[in-house]
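Please examine the model shown below together with its sequence. The discussion takes the form of questions and answers.

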Amino acid sequence: MAYRLGVDIGGTFTDIALIDEATGQVHNGKVLSTPHDPSLGFIEAVERLVREHDVSPEGVDYIVHATTVATNAIIEGKVAATGFITTEGFRDMLEIARQIRPELYNLQFEKPKPLVPRHRCYGVVERLDARGEVLVPLDEEGLRQAASELKQAGVESLAVCFLHAYANPVHERRAGQVLAEVFPEAMVSLSSQVAPEFREYLRASTTVINGCIRPVVARYLQKIEERLQVAGFAAELLVMQSGGGVYTAAAAQEQPVYMVESGPAAGVIAAAHLGQALGYDKVISFDMGGTTAKAGLVQGGEPSVTKDYEVGATAQSGVGASRGAGYPIRTPVIDLVEIGAGGGSIAWVDPGGILRVGPESAGADPGPVCYGRGGTQPTVTDANLVLGRLSADYFLGGEIALDAAAAEAAIAEHCAEPLGMDAVAAAHGIVEIANAAMVNALRLVSVQRGYDPRDFALVGFGGAGPAHANRLAALTEIPVAVIPRSPGTASALGLLVTDLKHDYATTVIRRMDGVEPELLEGIFAELEGRGRETLAREGMDAAAMDFRRQADLRYVGQSHELTVGLAGGPMDGEQLERMLGEFHCEHERAYGFSAPGEEVELVNLRLSAVGRIAKPALAALARAEGDPVEKGRRPVYFAERGGFVDCPVYDRYDLGAGAAIAGPAIVEEVDSTTTVHPGYGVAIDAYGQMILTPVDAQGGTLQSAD
C-alpha cells in the first residue's frame, strides 16, 4: 500500500496528515512545535503517526512539508550574513528602499532595517540599458576585489542585482562564474534567476531575501532529510511554495524565497480542494491556529495569487497589510491576509483602558495559561475555555488537560479587574474582539478586492478555526460555513493535494497596438521549455505536465499592472483581442471603472509549469443510524441567549452522513472543537464534512454558495 505524508509546522502545533492513496482514508496527528529546533517536532510527528497506524517507512511515496522557518528567520533577524553586489552608484538601493510608509501620520515611523548593512553592499562598474544592450562592460577585477573583501568579512551568501539584468542576464551570469572562482563557499543568488522583472528595488529586495535565508533553509532542510533517512524513509521531500504548488527540497534550497509563506498557502490549497469536491467554486479560506489567523480567497477552484507581498511585518502581514512595514518580495504568493489573532494570542488592557487581543502570542512555549506550562498571560484559548466552548478534559483528545480555574484567574487579574467587570464578561469581550479582527481579515480578502462575501462559502479550519467560524459567517452574512474532517490538521492535508509547480516570468514592455503575436509566442515557448526541462528532471511524465500562461497589463501611464490569464493555444490576433478584453473587465472589477478607449501596455509575461499529481478522492462516511446521541451537556456562554445555556455536546466521530444538529451545540473531535450558535444548524454530508447554515436554510443537504 502506498501512502503520502504532509507535515505543517506552525507556531504552536506541528500538524501531520497520512493519506492512503488507494482508499483516500486520512489519518491525522498533532504535536506541540519545538521552536528551538523545528525538525524535532517534524520527526516526532512523522514517527508517531506511522507507528500508530502500522505503516512502514518504505510504504511512504513522498513527504510534503510546509514551514515558517524562512519567515521566522526574517522576522526574528536570524538571517545569514549576506553581501550585496550591484551596479556602481546603486549600493544604497536597500537603504533608500521606497518612499512609502504604513502609517501616513506617524512621524516617528522608521523603515525596516536593511537585511544587508551598507558596509556589505558593493557597487561594481558595469551598465546595460533598458533594452539589455551593453553600455559599459563588467569590471571583473573590481568584482573579484569586492568578493575578496566580502569573503574576509565572513559572509555566507551573496546577492547580485545589476541594473536591467532582467532584459539581458549576461553580466550577472558572468558575475556568478567569477564569484564561484573567488568565493566558492558562498551561496550566490542572481536577480535574473530569482526575479527577472523590471523595478530594480523590488528585484533587489527579492534577491537579497533569497540570499539571506538560503543558508538557514538549506541547513534546516538538510537536517530534516537526515532525520528522515535515519528513520528509514526513502521518500522524496517536497516543500510547499508561497504561490501554491510544491517543489523539491533541492529546488527549495536554491530559491527559498518562493517558500516564505508556505505554511499559510497549504491551508488555502486545502480549502480550494475541499470546496471543489463539495461543489463550491467560490470559497473564503479561514485558518485559525495557535498564533495567527489567515484568510484567503478561492474562485473557480483556484486560490487568488498576487505578486506584491511584504514579509517581516509582524502585526499583520499579507496583501491586506499596510505597505512599507516589511520587506517586499516579487514572487507569486497566494493572496491572503494574516493577523495576530490565534488561539494563543494574548489579551491585554492598554494604558487607555481598552481591552485588546494580540498580536503577541503565547506560542507553544509556554502556551496559554490553561495549558499549565508556565503561561501567565490570558489568551483567546483561555477565554473560550472560561465560556465553556472548550472541554477541560478533551483537549487534543485528552492528551492535554486544561486548567479552567487558572484561565479564569488570569483573565480576572489581567483583564476583568482593570476594566471593572467579571471574568466571564471579560472572556466574552476577548473572543468578540478577536472575532472583529478576523472579520476585518475576511473583508480585506473579499470586499477590498471587489467581491461580495455573501457569494462565497466559508471553510473554517485550524485548531481554533471551528470555534469561531459560525460567528464569523454570521457577522459577514456568509450563507454557508464548512468545517472539514479533522480541521486542526487540514493544512497538512492541503500539502497532499497540490501539484508540482515552477513559476517563470520575463519583462516585455510594449504597447499592445505594436505587439506581434509571434514575439509573445516565442517568449512563452522559451519559458515552457525551461519548465518542461525542470519537471522532467523531477520525474514528471510529459502527459502530466500543464503550462498556464498569464500577462501583466496596464493602461499607458499607470505605474502598476493587473494580471490576466490567457486561454490555451498559440498566440494570434484573436488571443491578443481576448487578452485586452479580459484586462478591461479585470480593471472594472478591481477599481470600479475601465477605459476601453485608452492605450494598453504589456509589461510582463508569466508561465506556471505544473506537474499534476494524482489526488485521492474524499473517503465516504457511513450513513447515520437514528438521531445523533449526545456525548454530554455543559453550560456554554452565548450572548444571543443572554448568558450560559445548558448545551448538548456531541462527539463528531459518532455523527454519520446525513446527521443533523440544531444549535446551540458543541461538536468535539481530537484536534478541534466546533461551536454551533443559536439560530444555526449542522448537516453532515456524505464525506463527513460539517455544513453550517442558518436554521431557516437548514435542510440536511448541501446548500449551494452560488
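The following turns treat the packing, one helix, the salt bridges and two single residues of this predicted model.

Q: Which helix contributes the largest share of the largest nonpolar core?
A: The largest nonpolar core has 66 residues, and those with the most contacts inside it are I284, F286, F395, I411, I430, M438 and L458. Of this core, 13 residues come from a single helix spanning residues 423–445. The helix with this largest share is α12.

Q: How many residues has the other core that lies apart from the largest one?
A: This other core includes A272, V480, F524 and V600. Its number of residues is 63.

Q: Which residues does I284 touch, not counting residues up to four places away in sequence?
A: I284 is among the residues with the most contacts inside the largest core. With residues up to four places away set aside, its partners are G296, L297, L442, V445, S446, P453, F456, A457, L458, V459 and I478.

Q: At which residue does α11 bend?
A: Helix α11 covers residues 404–419, which is 16 residues. From its first C-alpha to its last it reaches 21 Å, close to the 22 Å expected at 1.5 Å a residue. The helix nevertheless has a bend of about 45°, located at A412.

Q: What covers the buried residues of α11?
A: The buried residues of this helix are A407, A410, I411, A412, C415 and A416. I411 is also among the residues with the most contacts inside the largest nonpolar core. The covering elements include β22 (345–349), β23 (355–361), α10 (380–386) and α12.

Q: Which residue caps the N-terminal end of α11?
A: The cap involves a side-chain oxygen that lies 3.3 Å from the backbone nitrogen of A405. Beyond the other end, α11 is followed by G420, whose phi is positive, near 70°. The residue that caps the N-terminal end is D403.

Q: How many residues apart in sequence are the parts that R98 and E310 tie together?
A: R98 and E310 form a salt bridge, their closest N and O atoms being 2.7 Å apart. R98 lies in the loop between α3 (93–96) and β6 (121–124), and E310 belongs to strand β17 (residues 309–311). E310 is buried, at a relative accessible area of 9%. The parts tied together by the pair are therefore separated in sequence by 212 residues.

Q: Is E254, the salt-bridge partner of R214, buried or partly exposed?
A: The closest N and O atoms of R214 and E254 are 3.6 Å apart. The pair links helix α7 (residues 200–230), which holds R214, with helix α8 (residues 249–254), which holds E254, across 40 residues. R214 is buried, with a relative accessible area of 7%. E254 has a relative accessible area of 47%, which lies between the 20% and 50% limits, so E254 is partly exposed.

Q: Which residues are joined with D552 and R606 into one network of salt bridges?
A: D552 and R606 form a salt bridge with closest N and O atoms 2.8 Å apart, one of 36 salt bridges in the structure. D552 in strand β27 (residues 545–555) and R606 in strand β29 (residues 600–611) are 54 residues apart. D552 is buried at 0% relative accessibility, and R606 is buried with a relative accessible area of 8%. Through shared partners, the network also takes in E197, R199, R330, R554, E561 and E601.

Q: Which side chain does the side chain of T14 join in a polar contact?
A: T14 is found in strand β2 (residues 13–20) and is buried, with a relative accessible area of 0%. Leaving aside neighbours within four places in sequence, T14 is in contact with residues including V7, I9, V31, L32, S33 and F42. The polar contact, of 3.1 Å, is with the side chain of S33.

Q: Which backbone nitrogen does the side chain of D139 reach?
A: D139 lies in the loop between β8 (134–136) and α4 (140–152) and is partly exposed, with a relative accessible area of 31%. Not counting residues up to four places away in sequence, D139 touches V124 and V125. At 3.3 Å, its side chain reaches the backbone nitrogen of E141.

Note on methods:
Residues numbered from 1 in each chain as written. Predicted model: local features only at pLDDT ≥ 70, side-chain atom pairs only at ≥ 80, totals over all residues. Heavy atoms only, no water. Core = buried A, V, L, I, M, F, W, Y, C linked by side-chain atoms within 4.5 Å. Buried < 20%, exposed > 50% of the residue type's maximum accessible area, 1.4 Å probe, protein only. Helix = DSSP H or I, 4+ residues; strand = E, 2+ residues; numbered from the N terminus. Contact = heavy atoms within 4.5 Å. Expected span 1.5 Å × (residues − 1). Bend = angle between axes of the 7 residues up to and from the residue. Polar contact = N/O pair within 3.5 Å; in protein donor to acceptor, adjacent residues only side chain to side chain. Salt bridge = Lys/Arg side-chain N within 4 Å of Asp/Glu carboxyl O.
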